[in-house]
Amino acid sequence: MRSALYNKLLLVFGPRPPLNWLLLFLVSILVLIALLGSSSTNGFDSVTTSARPDIFSNYRRLKEQAVSDYLELKKLGANPSNDFDLCGKERENYVPCYNVSANQLAGFSDGEEFDRHCEISREHQYCLVRPPKEYKIPLTWPSGRDVIWSGNVKLSKDQFLSSGSMTKRLMLLEENQISFHSDDDEMTVDGVKDYSHQIAEMIGLGSDADFHEAGVRNVLDIGCGFGSFGAHLLSLRLMAVCVAAYESTGSQVQLALERGLPAIIGNFISKQLPFPSLSYDMVHCTQCGIFWDDKDGMFLIEVDRILKPGGYIVLTSPRSRQQRNKGSISTPFEEYTQKLCWNLVAKQEDTFTWQKTTDARCYISKHGTFPLCNGDDGPSYYKPLVRCISGTGSKPWMPIQNRTSGSLGSSELAIHGINPEDFYEDLEFWRSALRNYWSLLSPLIFSDHPKRPGDEDPMPPYNMVRNVMDMNAHYGGFSTALLEARKSVWVMNVVPVGERNTLPTILDQGFAGVLHSWCEPFPTYPRTYDMLHAKGLLSHLATEKCSMVDLIFEMDRILRPEGWVIISDKVAPIETARTLVTQLRWEARVIDLQDGSDQRLLVCQKPFVRK
């Protein structure tokens, strides 16, 4: 009986006599090895002195990799030398996994049709998502925070006019621009600044500049509107991440990202958010449209799950199915907060502030509380919502007020099971690598005489990019290096499902981060990131048996025109990736690290393609 591998190869190469097939296959292997040995560009300064060679040690592994790469290329069609066409206009703002009509046909209802369902939307239309006709390259930071091109987001004049009075005070819609009032603008009086100061006073602080003294480093802003509150918190050196539902028009997430503010699509419907337990110091919601006492309080339980001990919940005008009167909370709502051991700290007008308990025993000793969850409190990747309390038995149960300021110390790393030497060695690697990376952000890298790191050419400006995604973040060392180098960026640190879950360590450093499976599309809109960075992701993808073709098309979807990609990996997947990206019309160059390993850099820039 023929083996499964033989049948797959027979499907790829066609029915040929065994001897001819064997000769063809051996010739292909020799050609591949010759190409890999000669196609890389030399001259890249060594970015580390501790890299370990990791090469194929035997013929079988080399053969398997060659077959895998060939199958990836085979997916692109009979003539892989052709460039791909642009998608239709209807896909300009296309976000996979949020196909409401398909979800309804699959039987989802009661709001779940608006949730993320990648298992339903398994579309594989290989085309390039085009920018809108009026699209323009965003302004550099910080100008891009206060002024964006109206053609870059799907927001109509009617949607703006129907927005609340606060929005109209903070936002102006002009002929081809949308302008926002910055922190220096006097019109923020009675607006975001005063609101932030009010919250600080409600938790016992003299000013919102003192949030750090209360242990607040990161904030989850649910239903962030147009991002003005998050922009203000960022000016206070707090990491504010917007999470809001998918919207086909007038998207909060799309507009926040266009302004250079951290944001991600996420719902309070039927699934947990892709964050581990005990992730955030503060959860904030202003008129975010969620009925918090729905589903027996499971939305509030989810807030409690992601909130750290001693963290704060701030709800302004919270919605309830059984509201008693304006400015008060319904009885079921009050009962749920008491069962969650939340302490009502203060109430001013329509704003309520609670503090999560620091005593995990409260959930056991207090009569009538929700039960504790059974089993391991593992990574949460879109698991169903639960009606039990998570995180009480985990090692990171530490009140936010007891944490050390600044970087993580050895004791905090030990709580996460991380060897301090490994952590600081990783950080030193990224400190060394960043200057070389940054120097490559120039079209000169693709010329006949490309720019080399260390050349006398001036370095790109600090604000050349703003929205950066580290697609395989490990400990978040790349983010730390960028922060220390005073680059005007924020980084979405992605920890791939299947890798070691280091996301709690990343979040404890005050960075933005999320769990994600790269077998699926990322929950964001097209053209939302200026730079994508990935070290070792292609190799990880192979172990997860995911498609590199799908990943490259997804990267093209979320990358802005003229955006940059830096991929570090082994020779074989790097060469396969280069073949793919050139068909997407990217400029691409492979760079040899010259450190004795088989690691290579693939540096790419996406062009501004119109049709």
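Here are three short exercises on this predicted model, each with a worked solution.

**Exercise 1.** Work out what span helix 20 should have, and compare it with the distance between its end C-alpha atoms.

*Solution.* Start with the residues: helix 20 covers 571-583, which is 13 residues. Next, the expected span is 1.5 Å times one less than the number of residues. That's why helix 20 should span 18 Å. Now look at the model: the end C-alpha atoms are 19 Å apart, which agrees.

**Exercise 2.** Decide whether helix 20 is largely enclosed or not, using its buried residues.

*Solution.* First, the cut-off: a residue is buried if its relative accessible area is under 20%. Go along helix 20 and you'll find buried residues including V571, P573, I574, R578 and Q583. Eleven of the 13 residues are buried, so helix 20 is largely enclosed by the rest of the structure. While you're there, step just past the helix: R585 has a positive phi of about 75 degrees.

**Exercise 3.** Trace the seven-strand sheet, find its edge strands, and say which helices lie across strand 4.

*Solution.* Begin with the order, 6-5-4-7-8-10-9, in an open sheet with mixed pairing. The edges are strand 6 (263-265) and strand 9 (342-348), each pairing on one side only. From one strand to the next, the twist averages 20 degrees. Then zoom in on strand 4 (218-222): four bridges join it to strand 7 (280-286), and the two run parallel. Here I222 stands opposite C285. Finally, the helices: helix 9 (228-235) lies across strands 4, 5 and 7, at about 165 degrees to strand 5. Helix 11 (298-306) lies across strands 4, 7, 8, 9 and 10, at about 135 degrees to strand 8.

How values were computed
Residues are numbered from 1 along each chain as its sequence is written. This is a predicted model: local features need pLDDT of at least 70, side-chain atom pairs count only at pLDDT 80 or more; totals for chains, interfaces and linings use all residues. Side-chain values use heavy atoms; hydrogens and water are left out. Buried means under 20% relative accessible area, exposed over 50%, partly exposed in between (1.4 Å probe, protein chains only). Two strands pair if DSSP finds at least two bridges between them. Axes are lines fitted to C-alpha atoms, for helices over the stretch in contact, and angles run from 0 to 180 degrees between N-to-C directions. Contact means heavy atoms within 4.5 Å.
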